[in-house]
Amino acid sequence: MKVKRAGKYGFCSGVRVADIKVKRFAGKGGRGAILGQVVHNERVVEEMERLGVRTVHALEEVREPVVVFSAHGVPPSFHDRAKSLGLEILDTTCKFVYDIHKESRKALAAGAHLVFIGDPNHREVLGYTHDLDPACYHIVHSAEQARAVDWSVYPSVKIFYQTTLNAEEYEEVARVVERANPDTSRADTICYATKENQEAARLLAEDPEVERILVIGGKHSANTRHLNEICSRYKPSRLIQGAEDLDAAWLRGVRCVGLTAGASTPDYVVEEVERRLLELAGC
Ligand code: SF4
């Protein structure tokens, strides 16, 4: 069996930086708790817990002296809340997420109504919207939802995307808003790392030699799911979290497997999957 990796896959710069910051902190004996998963990958979460930095789901659950804010960011008010609880902050928010915080506040100050295209339950989206007056924004994730709103009542509209979305898939959502309100503009907020991984996954899936594709990543990772959706359009594809999820029966007789990985998947997990694949093939 031959294994072909996508030209670009795995950890993005934001997650690499977050991972390094937390490991450096833990390595110096720091005691902290991460609010939400540091990245959407269960293996990384387990690794952090082994290093002594556990995951919590509310600021009030933090018993350690330091709270870690993940690469997805938090609502600005969480900084004050953490301080009022006597916590120090280790902020690993990605700089691209901070750019959207800044740009959306600027658009709001200029009088625009904000539209966030994304998952309303995703921590990144909650970070942008939690502190805002609900009359100032909408979160939409389908064209149907966009059609249900009368956008023409707003003097202007500014569209932002959750960083890890697949732009093509949400084009119609943006167009619905634009058709209803001519004074609509888009902020190009889909992260380059996501675009590169998606494009590389598409090229891998189009490769005639590749028969099946494995997409490695956390089951709660939006960008990993999007990679799997892209690959599934071309070839039978499966999302796995690691080597332990490999299904020998699904791979029987396959001569070439494509591998790609989400932006929160560490390199060592990709290596483990490839090693296990070659073992299964008896190489
Ligand atoms: S996917 Fe992009 S926006 Fe998200 S953490 Fe990585 S570099 Fe930052």
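In this predicted model, the ligand is surrounded by 14 residues, of which Cys12, Gly14, Cys94, Thr163 and Cys191 come nearest. Sorted by class, this shell consists of nine nonpolar and five polar residues, with no charged residue among them. Three helices, α1 (13-27), α4 (95-109) and α8 (192-206), each supply at least two residues of the shell, and the most is given by α1, which contributes three residues. The domain assignment divides the protein into domain 1 (2-10 + 195-280), domain 2 (13-93) and domain 3 (96-186). Because domain 2 and domain 3 both give residues to the shell, the ligand lies between them.

Helix α1, which gives the most to the shell around the ligand, has 15 residues and reaches 21 Å from its first C-alpha to its last, close to the 21 Å expected at 1.5 Å a residue. Its buried residues are Gly14, Val15, Ala18, Asp19 and Val22. Viewed down the axis of α1, these buried residues fall within an arc of 130 degrees, so they line one face of the helix. The face of α1 turned away from this buried side carries the exposed residues Ile20, Arg24 and Gly27. The cover over the buried residues of α1 includes α2 (42-50), β3 (53-56), β4 (66-69) and α4. Just after α1, glycine 29 adopts a positive phi of about 85 degrees.

Helix α4, another of the contributors to the ligand shell, likewise can be described by its span and its faces. It has 15 residues, and the distance from its first C-alpha to its last is 21 Å, close to the 21 Å expected at 1.5 Å a residue. Within α4, the residues Phe96, Val97, Ile100, Ser104 and Ala107 are buried. Seen down the axis of α4, the buried residues fall within an arc of 100 degrees, so they line one face of the helix. An α-helix has 3.6 residues a turn, so residues three or four places apart point the same way. The face of α4 turned away from the buried side carries the exposed residues Lys95, Lys102, Lys106 and Ala109, whereas the buried residues pack against α1, β6 (113-117), α5 (123-129) and β8 (157-161). Glycine 111, which follows α4, has a positive phi, near 95 degrees.

In helix α9 (residues 222-232), eight of the eleven residues are buried, so the helix is largely enclosed by the rest of the structure. The buried residues of α9 are Ala222, Asn223, Thr224, His226, Leu227, Asn228, Ile230 and Cys231, and what covers them includes α8, β10 (212-216), β11 (237-240) and β12. Glycine 262, placed in the loop between β12 (256-261) and α11 (267-280), is in contact with several of these α9 residues, and its contacts, not counting residues up to four places away in sequence, are Gly217, Gly218, Ser221, Asn223, Thr224 and Leu227. With 30 other C-beta atoms within 10 Å, glycine 262 is buried. Its C-alpha is 7.5 Å from that of serine 221, although the two residues are 41 residues apart in sequence.

A further buried position is valine 173, which has 23 other C-beta atoms within 10 Å and is located in helix α7 (residues 171-180). When neighbours within four places in sequence are left aside, valine 173 is in contact with Ile117, Val140, Ser142, Ala143 and Ala146. By contrast with these contacts, glutamate 47 is 126 residues from valine 173 in sequence and 38 Å from it in space, C-alpha to C-alpha.

At the level of domains, the C-alpha centres of domain 1 and domain 2 lie 29 Å apart. The contact between these two domains involves eleven residues of domain 1 and seven residues of domain 2. On the side of domain 1 that touches domain 2, the residues divide into three nonpolar and eight polar, with no charged residue.

Notes: Residues numbered from 1 in each chain as written. Predicted model: local features only at pLDDT ≥ 70, side-chain atom pairs only at ≥ 80, totals over all residues. Near = placed C-beta within 6 Å. Nonpolar A, V, L, I, M, F, W, Y, C, P; charged D, E, K, R; others polar. Domains from an automatic or database assignment. Expected span 1.5 Å × (residues − 1). Buried ≥ 20, exposed ≤ 12 C-beta atoms within 10 Å, placed from the backbone. Arc of directions from axis to C-beta.
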